Amino acid sequence: MKKLFFGSPIVHTIDSKHRVNVPYRFRRVLGSNIIYADYMEKYLIRCYPEQTFQREKRDMLKKPKDDENRQIFFLIEETHIDKQGRIPLKCPMGNLEKKVVFAANGDVFDIWDYKRFPYKDHIV
């Protein structure tokens with residue numbers, strides 16, 4: 001699996017049907033199937049390529065049932081990138097407003113609410 005350590009964060013807008021365009025350089029690495037988890041307290045959605053998610057899931061299931069990080073797997077959605085390069089977002093996933101930021105994070109990427117993104121000075 002290729003890593004997504006590249007480039008500056010990218011700003012996109014959620015459309016009226018709650019879809020957002022995935023930046024091309026992310027799509028190129030990810031393929032078409034994406035699994036995402038809602039980190040509501042952080043105002044972001046973490047998106048996993050399918051292969052990465054399966055690995056994370058195996059590791060997570062080894063943790064105690066009351067582990068806080070294990071609970072995130074109850075808040076997941078599986079989706080695919082459509083022909084226009086968009087993914088649908090279930091609202092209020094991630095407490096996201098209309099403007100969002102895509103940020104690479106190793107072999108996953110995060111979709112942040114723009115107002116809460118902590119590194120706005122890195123956006124080109």
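**Reading charge pairs and burial**

Q: How should I read the accessibility of a charged residue such as Asp110: is it buried or exposed?

A: Asp110 has a relative accessible area of 5%, and because buried means under 20%, Asp110 counts as buried. Please keep in mind throughout that this is a predicted model.

Q: Which side chain does Asp110 meet in a salt bridge, and which parts of the chain does the pair tie together?

A: The general idea is that side chains of opposite charge can pair when their charged atoms come close. Here the partner of Asp110 is Arg46, with an N to O distance of 2.6 Å. Asp110 belongs to strand 8 and Arg46 to strand 4 (residues 44-49), so this salt bridge ties together parts that are 64 residues apart in sequence.

Q: How many salt bridges are there by this rule, and which residues are linked in a network?

A: The count comes to 6 salt bridges, and the network links Arg55, Glu56 and Asp107. Between Asp107 and Arg55, the closest N and O atoms are 2.9 Å apart. Asp107 sits in the loop between strand 7 (99-105) and strand 8, while Arg55 is in helix 2, so the pair ties together parts 52 residues apart in sequence. As for the surroundings of the two partners, Asp107 is buried at a relative accessible area of 10%, whereas Arg55, at 32%, counts as partly exposed.

Q: Where do the partners Lys115 and Glu97 lie along the chain?

A: The side chains of Lys115 and Glu97 meet in a salt bridge of 3.1 Å, N to O. Lys115 is in the segment after strand 8 and Glu97 in the loop between strand 6 (86-88) and strand 7, so that the pair links distant parts of the chain, 18 residues apart. Lys115 is exposed, with a relative accessible area of 59%, and Glu97 is partly exposed, at 43%.

Q: What is the nearest side chain of opposite charge to Asp113, and how far away is it?

A: It is Arg116, at 4.6 Å, and because a salt bridge requires the nitrogen and the oxygen to be within 4 Å, Asp113 is buried yet has no salt bridge. Asp113 lies in strand 8 (residues 108-113), and a polar atom of its side chain is 2.8 Å from the backbone nitrogen of Glu97. Leaving aside neighbours within four places in sequence, the contacts of Asp113 are Tyr43, Asn95, Leu96, Glu97 and Lys99.

Q: What span should helix 2 have, given 1.5 Å a residue?

A: Helix 2 (residues 50-61) has 12 residues and should span 16 Å, which agrees with the 16 Å separating its end C-alpha atoms. Thr52, Phe53 and Met60 are the residues to inspect next, being buried in helix 2. Seen down the helix axis, the buried residues fall within an arc of 95 degrees, so they line one face of helix 2. The face turned away from that buried side carries the exposed residues Gln51 and Arg58.

Q: How should I read burial and contacts together for Phe102, and what is its relative accessible area?

A: Phe102, in strand 7, is buried with a relative accessible area of 0%. Leaving aside neighbours within four places in sequence, its contacts include Pro9, Val20, Val22, Phe26, Phe109 and Asp110. With Phe26, which is 76 residues away along the chain, the C-alpha separation is 9.1 Å.

Note on methods
Residues numbered from 1 in each chain as written. Predicted model: local features only at pLDDT ≥ 70, side-chain atom pairs only at ≥ 80, totals over all residues. Heavy atoms only, no water. Helix = DSSP H or I, 4+ residues; strand = E, 2+ residues; numbered from the N terminus. Expected span 1.5 Å × (residues − 1). Buried < 20%, exposed > 50% of the residue type's maximum accessible area, 1.4 Å probe, protein only. Arc of directions from axis to C-beta. Lys, Arg positive; Asp, Glu negative; His and termini not counted. Polar contact = N/O pair within 3.5 Å; in protein donor to acceptor, adjacent residues only side chain to side chain. Contact = heavy atoms within 4.5 Å.
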